[in-house]
Amino acid sequence: MEKKLCVVGLGYIGLPTAVMFANSGVQVHGVDRNERVVQLINNKQLHIEENGLQERLEKAVDEGHFQASTTPVEADVYIIAVPSPINPDNTANLEFIRAATASIVPFVKKGALVILESTVPPKTVENVMLPELRKTDLIIGEELFVSHSPERVIPGKIFEELVNNDRIVGGVNAKSAEMTKELYEVFVKGTIHLTDATTAELVKVMENTYRDVNIAFANELAKIAEGIDVDIWEAIKFANFHPRVNIHTPGPGVGGHCIAVDPWFLVELAPEKADIIKKARLTNDGMPMYTAKRAQRLLQEYHIENGKVAVLGLAFKGNVDDMRESPSTKVIDSLQDLGLDVVSFDPHIKELQHSTQVATLEEAIGTADLLLLTTDHDQFKQLNPADLQTKQPRPIILDTKNALPADKWEQAEYRFFKLGDGKKEGQLYK
Ligand code: SAJ
């Protein structure tokens, strides 16, 4: 393709997307305001972890299809993939979107296409981007084309999903949507569905909100199950054998920069209507303290005073290195609020980024009375409990993700519990 593409924001979405276009033969210029990130990328080094990204970046740079800098350049197409977080009061912070749009204005020329990939509250293209883009003096929809093409990929499987997932593309007019479709068709094998920008914005936020509400339902069921001596994981498995039931899984909370954030966009948009959505968000936000209290109760049941908890996993989910909005850090805060001593370990978070973090699993486990698994990394699933050196002769373990084989840990003399089980002291898993 002859077109030149400029991708603004080289994070978890922008970088893989830029590299994917470059690997498909498009000339790509990446922009990030962080100089260190730009330098690393130009040296073919990564600042984030994603399966397949390293070799794809090397190919993109070596073939001369991709380079990065801290400022935008003139291009035919711009993709904006910057964060859209929430403020402490749960309102949307669209300053990065506005600033990224403003940054390209001096470079945008007649006929260009500007695509927003970041997840945003409905009407952001209209109310935040278009006012900036009108400063180009180009007529929107005739001389300058604008669309929303929200990413839908899941960290850990980004490259697979970039290619195979369907895409929803919403244009400010039909031509903008068509032009966007034509661009992504370079590598997307899924169907690209066209609509208007506001519908695309709402659809993306709805998808993540659906998941949040479903997880909140699972968390509520887990609490109910604990009171009636039922293993919720088994109950959900059975319920999901029904052809029209798909209950998600409970856990210590919902993390990441999407599912824990996006539902608030709908609450802000319609506070008096978004009832279930808000309740679900609050239910999931309550899970770290619920988890910490369960750990505290277990220590009390075994008469362990001033117990120390080893939190296993700091990333917001298994097999990723991303700590953004991680439930684990909130579980740690809650444990500390309850007066418990905490160490933590994560094989994917290489640099020490948390005050409780230690560098090795041995260090974390060797000093703890209770092991609290918060992230289902493969490294934890594969542990052999018989090999671990522990402080207590029969340590307690609380698995919040149903990630570990209970029988194996019980055979190794662990007191094994799961979030959402109704298990009592001395009882073994069936
Ligand atoms: N979680 C549960 N129970 C579940 C599923 C997830 O407790 O049944 C927790 C995870 O442990 C994690 C959080 O929810 O803390 C979010 O993880 P996730 O794997 O559900 O989602 P993300 O944030 O990695 O990616 C989501 C995806 N959205 C949907 O599946 C609808 C992805 O497709 C989006 O592209 C991404 O958000 C995004 O960027 O918006």
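In the predicted model, helices α1 and α3 pass each other in a left-handed crossing. Helix α1 spans residues 14-23 and helix α3 spans residues 53-62, and the two pack with their axes 9 Å apart, at an angle of about 50°. The two helices are therefore oblique to each other. On the side of α1, the contact is formed by Leu-15, Pro-16, Val-19, Met-20, Ala-22 and Asn-23. On the side of α3, the contributing residues are Leu-53, Arg-56, Leu-57, Lys-59 and Ala-60. By residue type, this contact comprises 8 nonpolar, 1 polar and 2 charged residues. The arrangement of contact positions along a helix can be read against its geometry: an α-helix has 3.6 residues a turn, so residues three or four places apart point the same way.

A second helix pair is formed by α12, residues 287-301, and α13, residues 327-337. The crossing of α12 past α13 is right-handed. The axes of this pair come within 8 Å and cross at roughly 50°; α12 and α13 are therefore oblique to each other. From α12, the residues Pro-288, Met-289, Thr-291, Ala-292 and Ala-295 take part in the contact. They meet Pro-327, Lys-330, Val-331, Ser-334, Leu-335 and Asp-337 of α13. The contact of α12 with α13 divides into 7 nonpolar, 2 polar and 2 charged residues.

Helix α13 was also examined for burial and for its two ends. Its buried residues are Pro-327, Ser-328, Thr-329, Val-331, Ile-332, Ser-334 and Leu-335. The elements that cover these buried residues include helix α12 and the strands β9 (308-312), β10 (341-345) and β11 (370-373). At the start of α13, a side-chain oxygen of Ser-326 lies within 3.2 Å of the backbone nitrogen of Ser-328. After the helix comes Gly-339, which has a positive phi, near 90°.

Positive phi values also occur at residues that are not glycine. Asn-90 has a positive phi of about 70° and is located in the loop between β4 (77-80) and α4 (95-104). With a relative accessible area of 24%, Asn-90 is partly exposed. Asp-137 likewise is not a glycine, and its phi is positive, at about 70°. This residue, Asp-137, belongs to the loop between α5 and β6 (145-148). Asp-137 is exposed, its relative accessible area being 68%.

A buried loop residue is provided by Ser-118, which is situated between β5 (113-116) and α5 (124-133). Its relative accessible area is 6%, and Ser-118 therefore counts as buried, the limit for this class being under 20%. The side chain of Ser-118 reaches the backbone oxygen of Val-82 at 2.7 Å. When residues up to four places away in sequence are not counted, Ser-118 touches Ile-80, Ala-81, Val-82, Ser-84, Ile-97 and His-148. Val-82 thus appears both as a residue touched by Ser-118 and as the one whose backbone oxygen is reached by the serine side chain.

Note on methods: Residues numbered from 1 in each chain as written. Predicted model: local features only at pLDDT ≥ 70, side-chain atom pairs only at ≥ 80, totals over all residues. Heavy atoms only, no water. Axes fitted to C-alpha atoms, helices over the stretch in contact; angles between N-to-C directions. Helix = DSSP H or I, 4+ residues; strand = E, 2+ residues; numbered from the N terminus. Parallel < 35°, antiparallel > 145°, perpendicular 65-115°, else oblique. Left-handed = near helix turned anticlockwise from the far one by under 90°. Contact = heavy atoms within 4.5 Å. Nonpolar A, V, L, I, M, F, W, Y, C, P; charged D, E, K, R; others polar. Buried < 20%, exposed > 50% of the residue type's maximum accessible area, 1.4 Å probe, protein only. Polar contact = N/O pair within 3.5 Å; in protein donor to acceptor, adjacent residues only side chain to side chain.
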